[in-house]
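Q: I'm at the bench with this model open and I'd like to zoom in on one piece of it. Could you walk me through that piece slowly, then show me how the rest is laid out around it?

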Amino acid sequence: MTEKLYENDPMLRSCQATVLSCTAQGKKFLIELDKTVLYPEGGGQLSDKGKIGDAVCSYVFEKGEQIFHECDRPLAVGSEAEVNVDWPVRLDRMQQHLGEHLLSYACFKLFQANNIGFHMNEDFVTIDLDKNLSMEDLLQAELFTNEIIWEDRPVHVSYMDSKEAALLKDKMRKFNSKLTGILRIVAVEDADMCTCCGLHPPFTGMLGSVKVIRSEKHKEGCRVEFLCGKRALLDADRKNAQLAAAAQDLACKPEQVPERLGKLKKDMAALHEQNKAAAAMFLDLKLAEALEKAKSKADGSKLLTLCLEQGDGKEGKLLLPKLGLLPDTVSIVAVAAGERLNYTVVRGSGSGADCRAYMKLLNEALGGRGGGKEDCAQGGAPYQLAWREKLAACEPQLLAL
Ligand SMILES: [Zn+2]
């Protein structure tokens with residue numbers, strides 16, 4: 001069995017220990033010690049990292065009564081080694097963990113919202129609440145939490161029998177009455193009290209600050225993402241830099257970015273409308289030009305061909321109502337749109353032509369695929385340099401239909 005020195009002294013950074021066992025597992029070695037300052041993953045808190053002698057310990061876990069230290073090299077059984085905790089990592093874990101206690105307490109105290117889930121990883125921390133709180137509520141809870149932090153209140157850890165602890169359950173934020181034996185109670189003075197096996201700083205001031213980042217609806221309540229201590233600071237630095245970069249791009253002060261973006265959005269919408277109107281005008285001009293050049297067929301009807309070198313492929317569809325009104329005319333609209341060629345065949349009023357026959361010839365000439373109905377057909381082919389020449393080459397056949 002390993003003596004858990006971290007349980008009663010979360011500030012202890014090192015100890016001398018004896019190696020009890022060392023087992024190879026893949027490229028790693030699982031080491032057991034007679035005592036340790038390294039906290040194994042559990043209770044929602046991530047594992048510590050550190051060193052045992054020269055061995056780098058990247059993960060610690062508990063299996064039954066045993067604690068295993070996953071290391072990069074073996075250590076001789078019976079040898080003595082100094083165990084050192086990676087302090088910045090430990091401090092980060094403790095800050096996020098106590099932050100979870102205090103923010104949960106604030107949500108419970110102010111809004112009667114219960115914490116029903118906690119997730120911590122290397123990048124973010126979340127709590128799940130059984131009530132959907134607004135961002136305004138959460139910012140109120142955030143301020144309440146930070147006030148407790150700034151008062152630097154002591155965090156007490158005590159042990160008591162489950163029956164004795166049950167007498168205190170009204171004072172606790174949550175209490176699991178199914179727990180038996182000796183329980184570990186973590187209490188922030190005049191604030192949160194609950195059963196917990198994780199590690200917490202001895203004073204709330206060490207937490208630095210808590211910052212709520214975002215919240216989203218989750219089941220009946222919400223999932224709240226927050227950051228504590230150095231993570232909150234780094235997040236603020238990152239967002240500051242992003243805002244400064246955006247302000248530089250927009251040639252304004254950081255506080256003017258939302259207003260400037262709002263204006264840009266409005267300008268863009270107006271430009272989009274202008275663009276649409278200009279494109280429609282251009283299409284009308286092109287159509288008028290094609291109408292003048294339309295070829296006459298043997299039966300007196302007309303064949304109109306409109307070719308566009310650059311488009312978005314939707315031009316044929318846009319012109320459909322107008323082409324459908326052209327008397328006794330079959331219209332072909334072919335558009336090069338990026339890596340595709342799109343073509344549409346439309347029969348005008350009074351024409352008895354079958355657009356599918358025209359489509360078949362176009363498909364053969366351009367190596368494409370498409371079909372449709374008697375009055376309208378659509379097709380497409382990969383873009384090819386000589387597409388206009390190919391269309392022109394098949395014109396006699398189209399005129400003969
Ligand atoms: Zn805890």
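What I'm after is a close look at strand S3, residues 28–33.

A: Sure, with one caution up front. This is a predicted model, so local features are only called at pLDDT of at least 70 and side-chain atom pairs at pLDDT 80 or more, while totals for chains, interfaces and linings take in all residues. Numbering starts from 1 along each chain, as its sequence is written.

Let's begin with the barrel that S3 belongs to. Six strands close up in the order S2-S3-S7-S6-S5-S8, with antiparallel pairing. From one strand to the next, the twist averages 45°. (Angles here are between N-to-C directions and run from 0 to 180 degrees, with axes being lines fitted to C-alpha atoms, for helices over the stretch in contact.) Strands and helices are DSSP runs numbered from the N terminus, E with at least two residues for a strand and H or I with at least four for a helix. Strands count as paired if DSSP finds at least two bridges between them.

Who sits beside S3? In the barrel order, S2 comes on one side and S7 on the other. Take S2 to begin with: this strand covers residues 14–25 and is joined to S3 by 6 bridges, the two running antiparallel. Two pairs are handy to find on screen: glutamine 25 is bridged to lysine 28, and cysteine 22 is bridged to isoleucine 31. S2 and S3 also form a hairpin with 2 residues between them, and glycine 26 in that turn has a positive phi of about 60°.

Now the other side. S7, residues 66–71, is held to S3 by 3 bridges and also runs antiparallel to it. If you want a landmark there, leucine 30 stands opposite glutamate 70.

Next, look at the two faces of S3. Phe29, Ile31 and Leu33 make up the covered face, while Lys28, Leu30 and Glu32 make up the uncovered one. Put that together with the bridges: isoleucine 31, partner of cysteine 22, is on the covered face, whereas lysine 28, partner of glutamine 25, is on the uncovered face.

Zooming out, the domain assignment splits the protein into domain 1 (3–85), domain 2 (91–246) and domain 3 (275–400); such bounds come from an automatic or database assignment. The C-alpha centres of domains 1 and 2 are 27 Å apart. Their contact involves 9 residues from domain 1 and 12 residues from domain 2, where contact means C-beta atoms, placed from the backbone, within 7 Å.

For contrast with the barrel, try the open sheet S11-S12-S13, three strands with antiparallel pairing. S11 (155–161) and S13 (193–195) are its edges, each with a single partner strand, so one side of each has no neighbour in the sheet. Neighbouring strands there are turned by 25° on average, direction ignored. S11 and S12 (residues 182–188) run antiparallel and share 7 bridges, and serine 158 stands opposite isoleucine 185 in S12.

Just ahead of S11 is a loop from helix H3 (135–150), and aspartate 152 lies in it. Its phi is near 50°, positive although the residue is not glycine. Aspartate 152 is exposed because 12 other C-beta atoms lie within 10 Å. (The scale, with C-beta atoms placed from the backbone: buried at 20 or more others within 10 Å, exposed at 12 or fewer, partly exposed in between.) Aspartate 328 also has a positive phi near 50°. This one is in the loop between helix H7 (315–325) and strand S18 (329–337), and it counts as partly exposed because it has 16 C-beta neighbours inside 10 Å.

Further along there's another hairpin, with 3 residues joining S20 to S21. S20 (residues 369–372) and S21 (residues 376–382) are antiparallel with 4 bridges, one of them pairing glycine 371 with glutamine 378.

Finally, the whole thing. The protein comes to 10 helices and 21 strands, and buried residues make up 33% of its 401 residues. Its C-alpha trace spans about 105 × 50 × 45 Å along the principal axes. Of the contacts with a separation of 6 or more, 56% are between residues 24 or more positions apart.

Methods
Two residues are in contact if their C-beta atoms, placed from the backbone, lie within 7 Å.
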